[in-house]
Amino acid sequence: MLYRLNKFIGKSSKTGPAEEPSANAQLLERAGFVFKYASGLYEYLPFGLAVLKKIENIIRKNLNALSCQEVLMTSLQPKGLWRKTGRWDDMAGVMYQFKDHSGKDFGLSMTHEEPITQMAARAINSYKDLPFCAYQIQTKHRDESRAKSGVIRGREFIMKDAYSFHASQEDFEKFYAVMTDIYQNIFKECGLDSLVVEAPGGSFSKVNSHEFQVLSPAGEDKILFCDKCQKAFNRDLFGAEDTPKCLVCGGELIEKVGIEVGNIFQLGTKYSAMLGCEFTDSDGKKQPVIMGCYGIGVSRLLGTIVEVSHDDKGMIWPASVAPAVAQVMVLSEDDGTKKLAEQFLAQAEKSGLALVYDDRDVSAGVKLAEADLLGLPYRVVVSEKNAGQIEIKKRTDTNTKLVDLAEVLAILNVES
Ligand SMILES: [Zn+2]
């Protein structure tokens with residue numbers, strides 16, 4: 001894939017969106033990855049979309065390895081099913097709800113327990129049909145009164161939501177523990193260190209719900225961390241206590257701030273009992289299915305990566321999610337240089353490298369600044385002064401290196 005910046009639809013700009021102080025909103029829009037369309041609504045341009053697809057594929061790879069099955073449900077939800085669980089009214093403040101032209105009620109969903117439980121019920125007869133886990137990656141909506149922090153908290157966003165179905169609590173707990181590890185794997189592959197945080201919301205005492213927090217001053221969640229046993233807790237677990245102690249070892253807790261990039265929790269039989277999702281056990285008795293649910297904010301992850309990985313010049317993308325591995329520029333007009341650049345681009349394309357080629361008619365200074373702003377892992381400069389060699393520089397290094405064409409390709413192939 002070769003992105004040419006000349007005639008590119010995702011052009012960079014000197015300024016970011018107004019009234020959006022967050023680093024992710026400013027840098028993503030200035031670099032032309034996203035555009036703030038309205039409060040809490042962001043358009044994704046080619047580079048932003050490429051990052052989203054890479055994050056999605058990291059999630060897919062990890063979940064498919066667990067034999068999770070990908071489905072796609074509808075965003076537009078008729079009221080009926082949601083009335084049965086009482087959530088049509090419970091979520092009225094945050095769910096977009098409206099009438100169609102015939103006067104029937106519909107909502108735009110931000111979560112899918114009701115429809116997935118119904119879908120699972122059609123697939124489950126006996127305990128032999130269990131366990132399984134299904135997930136989707138989908139655009140969701142939330143009537144957010146405080147849409148801010150760029151793509152981290154939007155009114156329209158992309159989520160991965162997974163739901164697991166089990167015949168026993170024991171089987172559920174085993175799967176929940178595996179998912180906890182897989183989640184940390186997913187975030188690690190996206191270049192993020194996540195903290196597993198115990199949180200309220202679980203309806204049983206043995207397994208709580210858990211949040212996955214990435215520490216960042218841009219976060220909105222207060223976390224209490226125990227240095228002694230390394231456990232972390234959501235501040236909300238402690239009520240109004242001034243100096244809460246670790247719930248596991250009684251040690252001192254340190255307050256930290258994080259961005260919640262994922263959460264997992266057990267649902268028990270809450271939805272299966274209400275919506276008739278049952279299985280026949282080995283004694284021939286009908287039982288409600290035990291469920292868990294597992295969310296990851298995909299577009300929020302993209303914003304979080306920018307928050308924790310940027311400097312005063314621009315973004316710094318981990319290679320695993322970067323829209324391309326290198327930004328290429330030709331800084332002189334002579335035939336020899338042009339020929340070398342063409343050779344490089346042709347060979348890079350052959351080996352399947354994704355590159356950004358700055359072929360705009362602008363100064364070297366503008367091209368170099370653009371490369372820092374976009375923050376791809378490498379910058380590649382072809383110039384007459386390098387006498388047949390090619391200059392390569394890592395976004396995170398200050399030093400440049402002169403190497404021959406074959407070595408540039410070798411370096412980039414290792415990184416992508
Ligand atoms: Zn502790």
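Q: How are the donor residues of the zinc ion spaced in sequence?
A: In this predicted model, the spacing of the zinc donors reads C-x2-C-x16-C-x2-C. The residues behind that pattern are Cys 226, Cys 229, Cys 246 and Cys 249.

Q: What makes Cys 226, Cys 229, Cys 246 and Cys 249 count as coordinating the zinc ion?
A: Distance does it. Their SG atoms sit at 2.2 to 2.3 Å from the zinc ion, and the cut-off for a donor here is within 2.8 Å of the metal. So the four cysteines qualify as donors.

Q: Why is the arrangement around the zinc ion called tetrahedral?
A: Check the angles. The four donor atoms subtend 101 to 118 degrees around the zinc ion, and four donors pass as tetrahedral if all angles lie between 85 and 135 degrees. The angles fit that window, so tetrahedral is the label.

Q: Why is Cys 226 classed the way it is, buried or exposed?
A: Cys 226 has a relative accessible area of 0%, and buried means under 20%, so Cys 226 goes down as buried. Cys 246, with 5%, is buried too. Cys 229 comes out at 27%, which makes it partly exposed.

Q: How many disulfides does a search of the whole structure find?
A: Zero. To count, a pair of cysteine sulfur atoms would have to lie within 2.5 Å.

Q: How do you know that Glu 189 and Lys 61 meet in a salt bridge?
A: Their side chains come to 2.6 Å, N to O, and the limit is 4 Å, so the pair counts. Glu 189 is in helix α6 (residues 169-189) and Lys 61 in helix α2 (residues 46-64), so the bridge ties together parts 128 residues apart in sequence. Glu 189 is partly exposed at 27%, and so is Lys 61 at 48%.

Q: What makes Asp 193 count as exposed?
A: Its relative accessibility is 55%, and exposed means over 50%, so the label holds. Asp 193 forms a salt bridge with Lys 188, with the closest N and O atoms 2.5 Å apart. Lys 188 is exposed as well, at 52%.

Q: Why is Arg 395 classed the way it is, buried or exposed?
A: Arg 395 has 8% relative accessibility, and the cut-off for buried is under 20%, so Arg 395 is buried. Its salt-bridge partner Asp 311, with closest N and O atoms 2.8 Å apart, is partly exposed at 29%.

Conventions:
Residues numbered from 1 in each chain as written. Predicted model: local features only at pLDDT ≥ 70, side-chain atom pairs only at ≥ 80, totals over all residues. Heavy atoms only, no water. Donors = N, O, S within 2.8 Å, 3.2 Å for Na, K, Ca; no water. Tetrahedral: all angles 85-135°; square planar, octahedral: opposite > 155°, others 65-115°. Buried < 20%, exposed > 50% of the residue type's maximum accessible area, 1.4 Å probe, protein only. Helix = DSSP H or I, 4+ residues; strand = E, 2+ residues; numbered from the N terminus.
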